[in-house]
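Here is a set of exercises to work through at your own pace. Keep the structure open beside you, try each task, and then compare your steps with the solution.

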Amino acid sequence: MEITKHLFLNLSLLIILLFFGLLILEKSKKFTFSKPSLVLIFSFLILLCIQISYNPVPYARYDLRIIPLVLGGLYVGIGPILVLSLLILRSFYGLNLGFLQTSVLYTPLIIIFWRMYPWFWKQVPVRRIFTTVCMGMILSIITVLGMSFSNTQTNWFDAWFAYLVIPSLGIGILSYSIEFVIKNTEMRQQLIKAEKLKAVEQMGAAISHEIRNPLTAASGFVQLLQDDYLPRQKRKEYLSIVKEELHSAERVIQDYLTFAKPDLETFEELNVKSELRQIINILQPLANQNSVEIITDFSVIGFIKGDRQKFRQCFINVLKNAIESMSHGGHLTLSTEYSQNCITIRVTDTGVGMTKEQLDRLGEPFYSTKGKNGTGLGMMVVYSIVRALDGEIWVDSEVGKGTIFQFEFPALTNFLNMTDSKANEG
Ligand code: ADP
Ligand code: MG
């Protein structure tokens, strides 16, 4: 039972590690590791197998290295590199008869993996699992046959049982899990796409309604303007109403476009402090009009990666809401904090605040308490931009006291190098 015991131990270790890997993949948003890191991971697994292998005679090592080899070769397409890395790793354990057998068995696999990988991904999942199991089985059989050359004391029943059952079982379980995760991810992506399409459709319908109102009003006034005997004063008044209505239609379209296309277009390094200063400059007139005093407390450094236009739009919407909530004056405090890997931006106002129900509905399309003056799209846009920037939002509010918006964005840590290289360029 020696071989069976060893291989089972080896299998449990592989399953635990590969499950961890799959879990990490599941969690990561992009569902990819880079090829070099995959080569490292699979080589490590192979090394682990060789390290804990069963060696009845000093020169031979029996283990489950075929599992990471087959899975890496077929699912990831790094078979040829893995075979080379296996041979190199094995050579550290002695250039003996075992190494010779390993080379004879595995070298042809370089070509087989290379040819099979494109074919493999064209198959349906069940056939992919079947293929990996078969390949594992063939390699196992060759290994046991090779064993008969090298040592005679082996219990053959043990060897055949161990090599026919355990690798196939392991490869089967692991390829099934890999297929499961792949299918899950695909389904989730399709769902997100469908959801987004649905949302955009609904928005389109709602928006045509939202735009029609101001347009109808505007065209009504244009009709009135056609009257030749209209007094000059009235004409001016009507024209300014038409302008205002057209402006509000345009605002709705602008907000909608930002929502429908939240993916960031250009990624650049943004200096949070100077971006926020510019936004304050834009909004200063509105603040003055409402007698709002803007107080700032910025950390010295703080860079994030993102689209400048979208970042501005996001904070203009938030600050505008804050100013609008203080129609009788107040304080708007803007502060930033920089820590190792994230940047916190806090926007605090002393405005009317929100009830629990209002807070829950924040970000819902067309939810506004401002009647004709609001589009109810601002916060929805804010949420979609923050999501696209990999950030997070917390809101806390108390009616009559005010509201705090807290944002957290991943900080750009190598900005010092960037600014250095910029300085050198300049
Ligand atoms: P709009 O500003 O056009 O009404 P938004 O999506 O920007 O639409 O905001 C939705 C609603 O959220 C606002 O109508 C307001 O009731 C509430 N709100 C947002 N920010 C604040 C704030 N800082 N203080 C109080 N209420 C706010
Ligand atoms: Mg708003």
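## Exercise 1: A covered helix and the turn after it

In helix 12, the buried residues are Gly378, Met379, Met380, Val381, Val382, Ser384, Ile385 and Val386. Bear in mind as you go that this is a predicted model.

**Task.** Find how many of the residues of helix 12 are buried, and work out whether Asp390 counts as buried, partly exposed or exposed.

**Solution.**
- Step 1. Helix 12 spans residues 378–388, and 8 of its 11 residues are buried, so the helix is mostly covered.
- Step 2. Move past the end of the helix to Asp390, which sits in the loop between helix 12 and strand 6 (392–398).
- Step 3. Asp390 has 45% relative accessibility and therefore counts as partly exposed, since that class lies between under 20% for buried and over 50% for exposed.
- Step 4. Look at the backbone too: phi of Asp390 is positive, near 65°, in a residue other than glycine. Most residues other than glycine have a negative phi.

## Exercise 2: A second loop residue

**Task.** Locate Ser291 and decide whether Ser291 is buried or exposed.

**Solution.**
- Step 1. Ser291 belongs to the loop between helix 9 (272–289) and strand 2 (292–297).
- Step 2. With a relative accessibility of 51%, Ser291 counts as exposed, because the cut-off for that class is over 50%.
- Step 3. Ser291 is not a glycine, and its phi is positive, near 50°.

## Exercise 3: Helix 2 against helix 3

**Task.** Say how helix 2 and helix 3 are oriented to each other, and which residues make their contact.

**Solution.**
- Step 1. Start with helix 3, residues 66–76, where 11 of its 11 residues are buried. The run of buried residues begins with Ile66, Ile67 and Pro68 and goes on to include Tyr75 and Val76.
- Step 2. Now add helix 2 (residues 35–51): its axis comes within 9 Å of the axis of helix 3, and the two cross at roughly 160°.
- Step 3. Helix 2 and helix 3 are therefore roughly antiparallel, because an angle over 145 degrees falls in that class.
- Step 4. Helix 2 contributes Lys35, Leu38, Phe42, Leu45, Ile46 and Cys49 to the contact, while helix 3 contributes Pro68, Leu69, Leu71, Gly72 and Val76.
- Step 5. Sorted by class, the residues of this contact are 9 nonpolar, 1 polar and 1 charged.
- Step 6. Finish just after helix 3, where Gly77 has a positive phi of about 85°.

## Exercise 4: An arginine in a loop

**Task.** Decide whether Arg65 is buried or exposed, and find which backbone oxygen its side chain reaches.

**Solution.**
- Step 1. Arg65 lies in the loop between helix 2 and helix 3.
- Step 2. The relative accessible area of Arg65 is 5%, so Arg65 is buried, the limit being under 20%.
- Step 3. The side chain of Arg65 reaches the backbone oxygen of Arg61 at 3.1 Å.
- Step 4. Leaving out residues up to four places away in sequence, Arg65 touches Ile46, Cys49, Ile50, Leu86, Arg90, Thr102 and Tyr106.

## Exercise 5: Helix 4 against helix 5

**Task.** Work out how helix 4 and helix 5 are oriented to each other, then place Ser103 in the picture.

**Solution.**
- Step 1. The axes of helix 4 (residues 79–91) and helix 5 (residues 97–120) cross at roughly 170° and come within 8 Å.
- Step 2. Helix 4 and helix 5 are therefore roughly antiparallel to each other.
- Step 3. Their contact includes Val83, Leu84 and Leu87 of helix 4 and Phe99, Ser103 and Tyr106 of helix 5.
- Step 4. In that contact, 11 residues are nonpolar, 6 polar and 1 charged.
- Step 5. Ser103, in helix 5, counts as buried at 17% relative accessibility. Not counting residues up to four places away in sequence, Ser103 touches Leu87 and Pro108.

## Exercise 6: A residue inside a strand

**Task.** Find which strand holds Leu334 and which residues Leu334 touches.

**Solution.**
- Step 1. Leu334 is part of strand 4 (residues 330–338).
- Step 2. Leu334 is buried, with a relative accessible area of 1%.
- Step 3. Beyond residues up to four places away in sequence, Leu334 touches Leu276, Ile280, Ile295, Thr296, Asp297, Phe298, Leu319, Arg346 and Val347.
- Step 4. Ile345 is 11 residues from Leu334 along the chain, and their C-alpha atoms are separated by 7.3 Å.

Methods:
Residues numbered from 1 in each chain as written. Chains lettered and ligands numbered in written order. Predicted model: local features only at pLDDT ≥ 70, side-chain atom pairs only at ≥ 80, totals over all residues. Heavy atoms only, no water. Buried < 20%, exposed > 50% of the residue type's maximum accessible area, 1.4 Å probe, protein only. Helix = DSSP H or I, 4+ residues; strand = E, 2+ residues; numbered from the N terminus. Axes fitted to C-alpha atoms, helices over the stretch in contact; angles between N-to-C directions. Parallel < 35°, antiparallel > 145°, perpendicular 65-115°, else oblique. Contact = heavy atoms within 4.5 Å. Nonpolar A, V, L, I, M, F, W, Y, C, P; charged D, E, K, R; others polar. Polar contact = N/O pair within 3.5 Å; in protein donor to acceptor, adjacent residues only side chain to side chain.
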